[in-house]
Amino acid sequence: AGGDGVGSDRAPAGDGEPATAAAAVAPPSPTTDDAGPDGKGGAAGGLLGGASLIFRHEYLRLVLAASVLYEVALTCMHYEMNLIGLDRFGVGISVVGDGQGAGGGGDGGGGGVTYIQFMGWYGQTVNVLSLLLSYYAFPRLVRSRGLRYTIRIFPTVLLGVTVAAFVVLPGNLPFLFVSLSVCKALTYSVHDPSEEVLYMPTSASAKFRSKFWIDAVGTRVAKAAGAAVNEYAGSAGGVVKYGSVPSVVASLALWCACARVGVLFDELLERGEV
């Protein structure tokens, strides 16, 4: 086996075992044969090796989709919430310390609440929910339901939230606040840890080279795509008009990718493949 093969660190067979039993390794599937004897050669060598692995293996392509697609929808909805909140509450920053909000936008209809306070509440809500879900929800979900179903939770919630935010309740600030808080918390506490577990049945090449392209490059590209939609939209109403289709499509594609990658994950573990 190559440097990343599943059988490279197995002990030799005992005296009473056939030699073929010790040499047996799992059939090649995501990345068993992607590195040479030094772990760097072969088609997977070099900076572009990780990208090559992603394009050549369905499992890694699905991991990529599960890791980045949600950024499109979240970026659009977060921008919409920011614009509506800024318009409703105003900035409310005092640069001279006299307690008067300088440059407050909007009509002041927020009952004394400023945009800065609003976003502070949003950050606090996300962090508290993330802590509770990380401690109580994720370990129990993985033990009771397995990764196959756990990784579908966030895409299911995101798909429902996206449809509601752009179709049923467009421009509704309370709904955006609550739904984005839940989605962000689920991302940090359930979905991101599930993504890390997906790398278990992969080789060292995938864990390091492909993961770089997925986490660093893929995530930035997805956020840039969402930002491009926001730039074109230019307003909260524009985000609802132009961001609805990309967000819903990305959310639906995320759900399909997570459903499929969960099935493949279980199959790879059952067969003992890498």
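## Starting from helix α3

The buried residues of α3 pack against α2, α4, α8, α9 and α10. Keep in mind as you look around that this is a predicted model. Which residues of α3 are the buried ones? They are Y59, L60, L62, V63, A65, A66, S67 and V68. That makes eight of the 11 residues in α3, so this helix is largely enclosed by the rest of the structure.

E58 also sits in α3, but its situation is not that of a buried residue. With 37% relative accessibility, E58 counts as partly exposed, because buried would need a value under 20%. Setting aside neighbours within four places in sequence, E58 is in contact with R260 and L264. The C-alpha atoms of E58 and V261 are 8.9 Å from each other, even though 203 residues separate the two along the chain.

## The whole chain

Let's zoom out. The protein chain has 10 helices and zero strands. If you walk along from the N terminus, the elements simply read α-α-α-α-α-α-α-α-α-α.

How much of the chain is buried? Of its 274 residues, 44% count as buried. The contacts reach a long way along the sequence, too: take those with a separation of 6 or more, and 76% of them join residues 24 or more positions apart.

## The nonpolar core

In soluble globular proteins, nonpolar side chains tend to be buried together. In this model, the largest nonpolar core has 52 residues, and the ones with the most contacts inside it are Y59, M77, M81 and L158. Eight helices each supply at least two residues of this core: α2 (49-56), α3 (58-68), α4 (70-89), α5 (115-145), α7 (153-168), α8 (173-197), α9 (204-233) and α10 (236-271). Which helix gives the most? That's α10, with nine residues.

You have already met one of these names: Y59 is on the list of buried residues in α3. Two others come up again in the next section, where M77 of α4 and L158 of α7 both take part in a contact between helices.

## How α4 meets α7

The axes of α4 and α7 come within 11 Å of each other and cross at roughly 40 degrees. Is this pair parallel or oblique? Angles under 35 degrees would count as roughly parallel, and therefore α4 and α7 are oblique to each other. Their crossing is left-handed.

On the α4 side, the contact is made by Y70, A73, L74, C76, M77 and E80, while α7 brings F154, L158, V161, T162, A165 and F166. Sorted by type, the residues of this contact are 10 nonpolar, one polar and one charged. If you look at the spacing of the numbers, a general point about helices helps. An α-helix has 3.6 residues a turn, so residues three or four places apart point the same way.

## How α7 meets α8

Now follow α7 to its other partner here, α8. The axes of α7 and α8 come within 10 Å and cross at roughly 160 degrees. An angle over 145 degrees counts as roughly antiparallel, so that is how α7 and α8 lie to each other. α7 passes α8 in a left-handed crossing.

Here α7 uses F154, P155, V157, L158, V161, A164 and A165, and α8 answers with F175, L176, S179, V182, C183, L186, T187 and H191. These residues divide into 12 nonpolar, three polar and no charged.

The loop between α7 and α8 holds N172. At 27% relative accessibility, N172 counts as partly exposed. The C-alpha atoms of N172 and I84 are separated by 8.6 Å, with their positions 88 residues apart along the chain.

## Two residues of α9

S210 is found in α9. Is S210 buried or exposed? It counts as buried, at 0% relative accessibility. Not counting residues up to four places away in sequence, S210 touches G50, L53, I54, L60 and S205. L60, in turn, is one of the buried residues of α3.

V229 is in α9 as well, and its 17% relative accessibility means that V229 counts as buried, too. Leaving aside neighbours within four places in sequence, V229 is in contact with C76, Y242, G243 and P246. C76 also appears among the α4 residues that make the contact with α7. The C-alpha atoms of V229 and V239, 10 residues apart along the chain, are separated by 7.4 Å.

Conventions
Residues are numbered from 1 along each chain as its sequence is written. This is a predicted model: local features need pLDDT of at least 70, side-chain atom pairs count only at pLDDT 80 or more; totals for chains, interfaces and linings use all residues. Side-chain values use heavy atoms; hydrogens and water are left out. A nonpolar core is a set of buried Ala, Val, Leu, Ile, Met, Phe, Trp, Tyr and Cys residues joined through side-chain atoms within 4.5 Å. Buried means under 20% relative accessible area, exposed over 50%, partly exposed in between (1.4 Å probe, protein chains only). Helices (H or I, at least four residues) and strands (E, at least two) are DSSP runs, numbered from the N terminus. Axes are lines fitted to C-alpha atoms, for helices over the stretch in contact, and angles run from 0 to 180 degrees between N-to-C directions. Angles under 35 degrees count as roughly parallel, over 145 as roughly antiparallel, 65 to 115 as roughly perpendicular and the rest as oblique. A crossing is left-handed if the near helix is turned anticlockwise from the far one by less than a right angle, and right-handed if clockwise. Contact means heavy atoms within 4.5 Å. Ala, Val, Leu, Ile, Met, Phe, Trp, Tyr, Cys and Pro count as nonpolar, Asp, Glu, Lys and Arg as charged, and the others, Gly among them, as polar.
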